[in-house]
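Reader: I have a chain open on my screen and would enjoy talking it through with you. Could we take it one question at a time?

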Amino acid sequence: MANGNINVDSSLANISWELQKILRIKSLQTLKITLGLDAIKIGEINNKDDFLYGQMMGYILIHGRAIKASLKIHYAQNLAQSITAEKLGLPLNAIDQETTDDFMREYCNLTAGYFADTLAHNNINVDISIPLITDGFDEVWFSDKVKPLAQKDYWSLAWEQGAIICTIIFQIKDLDSFGNIKMQDDDSNSPKTNEGITFL
């Protein structure tokens, strides 16, 4: 801080770091709860800004007065089919593309929803879009033109069976709204509830 004025670059960096931390933890918690597996780890990826991160891609928008973000989940179809089969207790050949898409669509929805809940806890209201599943090569149609205040993050969620890659691009439109951003008191690296993806 200089001359009583907030250093915008410093504030943006700090807020960006807090938001990335929250979203990484939420994506991890959601997957742990969904798969009933505690061994999933957050990791860094080396090929940042790569064109293609996975065969398939889930896409969801998070939008409000103070922030706009697009979250993408990149994954291999055979991995999604396998974990969907395990979740439903069905043989692999009983899982079709539509069922797998539903599973990954709901994972996107839950991750974005838990992130939105944390923002609401900080009096920042956002809406989330209906999640979309598409071919990974469709990234060309969804790539965001990065604006000056846009922030990006890339991370993997890996376990013995495989890994998915998450990417986020967000633009903070009101720095003041995020001045005291923090996790909810019960947030941690381990899931605390039994809520997860449910098939009706």
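Author: Happy to; the questions and answers below go through this predicted model.

Reader: Let's begin with the overview. In what order do the helices and strands run from the N terminus on?

Author: The chain has four helices and seven strands. Of its 200 residues, 48% count as buried. From the N terminus on, the elements run α-β-β-β-α-α-β-β-α-β-β.

Reader: Among contacts between residues at least 6 apart in sequence, what percentage join residues at least 24 apart?

Author: That question leaves out pairs that are fewer than 6 places apart in sequence. Among the contacts that remain, the share joining residues at least 24 apart is 72%.

Reader: Now the strands. Which strands pair with β3?

Author: One partner is β2, which pairs with β3 in the antiparallel sense over eight bridges. A hairpin through two residues joins β2 to β3, and within this pairing Ile-62 has Ala-69 as its bridge partner. On another pairing, β3 runs antiparallel to β7 over eight bridges, with Ile-67 opposite Ile-172. The partners asked for are β2 and β7.

Reader: And how many residues of β3 are buried?

Author: Buried here means under 20% relative accessible area. By that cut-off β3 is mostly covered, and of its nine residues the number buried is eight.

Reader: Over how many bridges do β6 and β7 pair?

Author: A hairpin through two residues joins β6 to β7. Trp-159 has Gly-162 in β7 as its bridge partner. The two strands pair in the antiparallel sense, and the number of bridges is ten.

Reader: Which residue in β6 stands opposite Gly-43?

Author: Strand β1, residues 41–43, pairs with β6 in the antiparallel sense over three bridges. Eight of the ten residues of β6 are buried, so β6 is largely enclosed by the rest of the structure. Opposite Gly-43 stands Ser-156.

Reader: On to the core. Which element gives the most to the largest nonpolar core?

Author: This core has 41 residues, and those with the most contacts inside it are Leu-19, Ile-73, Leu-119, Leu-157, Ile-164 and Phe-178. At least two residues each come from α1 (8–35), β2 (56–64), β3 (67–75), α2, α3, β6 (150–159) and β7 (162–172). In soluble globular proteins, nonpolar side chains tend to be buried together. With eight residues, the element that gives the most to this core is α3.

Reader: Leaving aside neighbours within four places in sequence, which residues is Phe-178 in contact with?

Author: Phe-178 is among the residues with the most contacts inside the largest nonpolar core. Leaving aside those sequence neighbours, its contacts are Ile-15, Leu-19, Ala-66, Ile-67, Leu-119, Ile-124 and Ile-172.

Reader: Let's turn to the helices. Are α2 and α3 roughly parallel or roughly perpendicular to each other?

Author: Helix α2 covers residues 77–88 and helix α3 residues 97–121, and their axes are 9 Å apart. The packing angle is about 85°, and angles of 65 to 115 degrees count as roughly perpendicular. The two helices are therefore roughly perpendicular.

Reader: How do the residues of that contact divide into nonpolar, polar and charged?

Author: From α2 come Gln-77, Ala-80, Gln-81, Ile-83, Thr-84, Lys-87 and Leu-88, which meet Gln-97, Thr-99, Thr-100, Phe-103 and Met-104 in α3. The residues of this contact divide into five nonpolar, six polar and one charged.

Reader: How far apart in space are Asp-96 and Gln-81, C-alpha to C-alpha?

Author: Asp-96 is found in the loop between α2 and α3. Its relative accessible area is 40%, so Asp-96 counts as partly exposed. Asp-96 and Gln-81 are 15 residues apart in sequence, and their C-alpha distance is 7.8 Å.

Reader: What separation do the C-alpha atoms of Ser-82 and Ile-95 have?

Author: Ser-82 is found in helix α2. Leaving aside neighbours within four places in sequence, Ser-82 is in contact with Leu-92 and Gln-161. Ser-82 and Ile-95 are 13 residues apart along the chain, and their C-alpha atoms are separated by 8.4 Å.

Reader: One last residue: is Asn-123 buried or exposed?

Author: Asn-123 lies in the loop between α3 and β4 (126–128). Although Asn-123 is not a glycine, it has a positive phi of about 60°. Its relative accessibility is 69%, and the cut-off for this class is over 50%, so Asn-123 counts as exposed.

Notes
Residues are numbered from 1 along each chain as its sequence is written. This is a predicted model: local features need pLDDT of at least 70, side-chain atom pairs count only at pLDDT 80 or more; totals for chains, interfaces and linings use all residues. Side-chain values use heavy atoms; hydrogens and water are left out. Axes are lines fitted to C-alpha atoms, for helices over the stretch in contact, and angles run from 0 to 180 degrees between N-to-C directions. Angles under 35 degrees count as roughly parallel, over 145 as roughly antiparallel, 65 to 115 as roughly perpendicular and the rest as oblique. Contact means heavy atoms within 4.5 Å. Ala, Val, Leu, Ile, Met, Phe, Trp, Tyr, Cys and Pro count as nonpolar, Asp, Glu, Lys and Arg as charged, and the others, Gly among them, as polar. A nonpolar core is a set of buried Ala, Val, Leu, Ile, Met, Phe, Trp, Tyr and Cys residues joined through side-chain atoms within 4.5 Å. Buried means under 20% relative accessible area, exposed over 50%, partly exposed in between (1.4 Å probe, protein chains only). Two strands pair if DSSP finds at least two bridges between them.
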